[in-house]
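Hi,

Here is the structure I promised to pass on. Have a look at it first, and my notes follow below.

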Amino acid sequence: MSSAYGPQHAPAGDVGEALMLIDSRLRSIHAGNAETDAEQQAMMAQFTESLGPDGAEDLLDGVCTLIYMFMTWLRKAHEDHDKDVIEYVVPTLVASMRMMPKSIRPEAVPTMAGLVIAAGTGLSPSLWRKQYGDWTEAEMTPLEATAFLLAEHINRIADDPDFATRVITDALSRAEDEL
């Protein structure tokens, strides 16, 4: 059965920029820079402001598309082992977010969990979220963290620190070839 919240009805957004953002964060963490320094924060704020409202919306949609793609990969990987992606991914994701109270306020955790569950059941995270209104400033860091944590989860499953990024770049390359 088709849903109005299906990915075919959602804008893909700027997946390339979103991937660059997440990959940059992954590389920074793996290089031992767990804390974002003031210079990096200022640079990210300047970048975001330079996007303008339409660019920022495209970036948000791009991050949601990444979350959808990551959850699709995770769902297939779990189904190969007769496991439910929601059962195995969401509790770990929620526990990780709860351990980051400086970055992720407790009230954002249920929204991010719902976003991931929507993606895990084949719905567009961006359309699912939009039914509750516009994104808030307080949800920006949790959204980025959600995509980051899913990518890191995939990388650990694959035992390859670049696997999640490669999954997306390969999918984007195939999509370009089909055009």
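Let me start with one helix pair. Val15, Leu19, Asp23 and Leu26 in helix 1 are in contact with Thr165, Ile168, Thr169 and Leu172 in helix 7. Sorted by type, the residues of this contact come out as five nonpolar, two polar and one charged. Please keep in mind that this is a predicted model, so none of it comes from an experiment on your bench or mine.

How do the two helices lie against each other? Helix 1 covers residues 15-30 and helix 7 covers residues 163-178; their axes come within 11 Å and cross at roughly 160°. Because angles over 145 degrees count as roughly antiparallel, helix 1 is roughly antiparallel to helix 7. As for the hand of the crossing between helix 1 and helix 7, it is left-handed.

Now for the chain as a whole. How many helices and strands does it have? There are seven helices and zero strands, so if you read the elements from the N terminus on, you get α-α-α-α-α-α-α.

On burial, 40% of the 179 residues count as buried. The chain exposes about 10,300 Å², and carbon and sulfur atoms supply 54% of that area.

One last number, on contacts along the sequence: taking the contacts in the chain with a separation of 6 or more, 73% come from residues 24 or more positions apart. The pairing of Val15, Leu19, Asp23 and Leu26 with residues in helix 7 is the one to look up in the viewer.

Cheers

Technical notes. Residues numbered from 1 in each chain as written. Predicted model: local features only at pLDDT ≥ 70, side-chain atom pairs only at ≥ 80, totals over all residues. Heavy atoms only, no water. Axes fitted to C-alpha atoms, helices over the stretch in contact; angles between N-to-C directions. Helix = DSSP H or I, 4+ residues; strand = E, 2+ residues; numbered from the N terminus. Parallel < 35°, antiparallel > 145°, perpendicular 65-115°, else oblique. Left-handed = near helix turned anticlockwise from the far one by under 90°. Contact = heavy atoms within 4.5 Å. Nonpolar A, V, L, I, M, F, W, Y, C, P; charged D, E, K, R; others polar. Buried < 20%, exposed > 50% of the residue type's maximum accessible area, 1.4 Å probe, protein only. Areas by Shrake-Rupley, 256 points an atom, 1.4 Å probe, with all protein chains shown as cover.
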